[in-house]
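This briefing goes through selected local features of one protein model. Please look at the sequence and structure before reading the points.

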Amino acid sequence: MQYKMVCLDLDGTLLEPDRKTISPLNRKVIAYLVKQGVHIVLVSARMTGAVSPFQHTLELESPLISFSGSSITMGDGSYLRQAEIPPEAAEAIVAVAERCGLHASVYQNDTWYAPCENEWTVMESGVGTLPVVVEYPTLFRDWKRRQRGSSKILILGEKENIAQCYDILTKEYSHLADTYHAGNGICLEVFPSGISKAESVVYLAERLGFGAENVIAMGDSPMDLPMIHAAGLGIAMKNANEHVRLEADMVTEYTNEEDGVGRCLMEVYGIREEDLA
């Protein structure tokens with residue numbers, strides 16, 4: 001079998017629009033592929049604790065990639081890798097976001113920190129987690145003392161402010177961390193330098209004993225595009241960003257509302273309906 005690993009983005013790809021549900025067909029196809037020895041790897045910008053419930057639902061024993069690669073967790077819950085934005089860099093990035101009039105949350109492992117609860121934390125809590133409200137100066141002092149940092153920084157706000165912040169972070173702070181657009185222009189996600197879904201997928205494939213040419217990657221957003229480029233077969237969802245669709249090797253015939261992942265994998269692997277009975 002040429003493709004030994006399938007890497008699946010969650011939101012806009014494997015999950016239905018409610019950001020919580022995996023369709024019955026997608027579950028059946030994934031279960032079938034696991035029985036055939038294919039590694040199914042969930043890849044998300046979400047924190048590990050917001051990805052692992054889907055790992056359990058699908059009864060997967062393979063590693064999962066969270067925080068877009070900052071954390072790679074083995075099936076037994078142990079960490080294969082943890083990368084963090086240094087505390088001094090995290091503090092500087094949060095200060096830029098606040099000067100731009102934006103809300104910034106910081107994450108460390110499975111803890112989400114926010115300076116207050118507001119409309120932005122309510123929106124983000126829809127994925128099933130709640131923030132710990134802290135005073136950032138105190139938090140960053142503690143991180144510096146313990147030599148710990150942030151797995152991800154999430155910046156939310158109005159599009160004009162987001163554009164301003166992105167311009168500053170990519171021009172003046174790119175040596176500290178990597179910044180990506182997400183969320184239809186109202187969101188920036190910041191990760192440790194050099195960490196991405198693409199780098200993580202290649203790293204994991206090598207650890208499992210094969211190359212990127214043996215990997216399928218499926219996604220819908222610009223943040224997924226490097227992973228789609230890196231894989232042997234990069235697949236964009238029908239509902240994906242137009243640029244992502246144009247750059248992918250293949251585009252699904254169906255959206256994430258229409259079992260797009262399952263139907264596409266059935267085509268790629270030659271799975272018949274009766275195989276899933």
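The points below cover a hairpin, the cysteines, the internal cavities and several single residues.

The model is a predicted one. A search of the whole structure gives 0 disulfides, and the cavity count comes to 2 at 30 Å³ or more. S68 is a residue to follow through the text, as S68 has a positive phi and also belongs to the lining of the largest cavity.

**Hairpin β4–β5**

- Strand β4 covers residues 71-73 and strand β5 covers residues 79-82.
- The two strands run antiparallel and are joined by 3 bridges.
- S71 has Q82 in β5 as its bridge partner.
- Between β4 and β5 there are 5 residues, and the pair forms a hairpin.
- G77 sits in the turn of this hairpin, with a positive phi of about 95 degrees.

**Cysteines**

- The number of disulfides found in the whole structure is 0.
- C100 takes part in no disulfide, and the nearest cysteine sulfur, that of C165, is 4.5 Å away.
- A disulfide requires two cysteine sulfur atoms within 2.5 Å, so the 4.5 Å between the sulfurs of C100 and C165 does not meet the cut-off.
- C100 counts as buried, at 4% relative accessibility.
- For C187, the closest cysteine sulfur is also in C165, but it is 11 Å away, which is too far for a bond.
- C187 is buried as well, with a relative accessible area of 7%.

**Cavities**

- The model has 2 cavities of 30 Å³ or more.
- The largest cavity holds about 50 Å³ of space.
- Its lining consists of S68, Y180, F191, I195, S196, K197, A198, M223 and P226.
- By class, that lining has 6 nonpolar, 2 polar and 1 charged residues.

**S68 and Q147: positive phi outside glycine**

- S68 has a phi near 55 degrees, which is a positive value in a residue other than glycine.
- S68 is placed in the loop between β3 (64-66) and β4.
- With a relative accessibility of 2%, S68 counts as buried.
- S68 is also one of the residues lining the largest cavity.
- Q147 likewise has a positive phi, near 55 degrees, and is not a glycine.
- The loop that holds Q147 lies between α6 (136-146) and β9 (152-156).
- Is Q147 buried or exposed? Q147 counts as exposed, at 72% relative accessibility.

**V43 and A198**

- V43 belongs to strand β2, residues 39-43.
- The relative accessible area of V43 is 0%, and V43 is therefore buried.
- V43 and A198 are 155 residues apart along the chain, while their C-alpha atoms are separated by 9.9 Å.
- A198 is among the residues that line the largest cavity.

**T252 and K238**

- T252 is located in the loop between β14 (250-251) and α11 (260-269).
- T252 has a relative accessible area of 4% and is buried.
- Which backbone atom lies 2.8 Å from a polar atom of the T252 side chain? The backbone nitrogen of K238 does.

Notes:
Residues are numbered from 1 along each chain as its sequence is written. This is a predicted model: local features need pLDDT of at least 70, side-chain atom pairs count only at pLDDT 80 or more; totals for chains, interfaces and linings use all residues. Side-chain values use heavy atoms; hydrogens and water are left out. Two strands pair if DSSP finds at least two bridges between them. Helices (H or I, at least four residues) and strands (E, at least two) are DSSP runs, numbered from the N terminus. Buried means under 20% relative accessible area, exposed over 50%, partly exposed in between (1.4 Å probe, protein chains only). On a 1 Å grid over the protein atoms alone, a cavity is a set of points where a 1.4 Å probe fits but cannot get out, and a pocket is an open set with protein on both sides within 12 Å along at least five of seven lines; lining residues have an atom within 4 Å of a point. Grid points are joined across faces, edges and corners, and a volume is the space filled by probe spheres set on the points. Ala, Val, Leu, Ile, Met, Phe, Trp, Tyr, Cys and Pro count as nonpolar, Asp, Glu, Lys and Arg as charged, and the others, Gly among them, as polar. A polar contact is a pair of N or O atoms within 3.5 Å; within protein, one must be able to donate a hydrogen and the other to accept it, and residues adjacent in sequence count only if both atoms are side-chain atoms.
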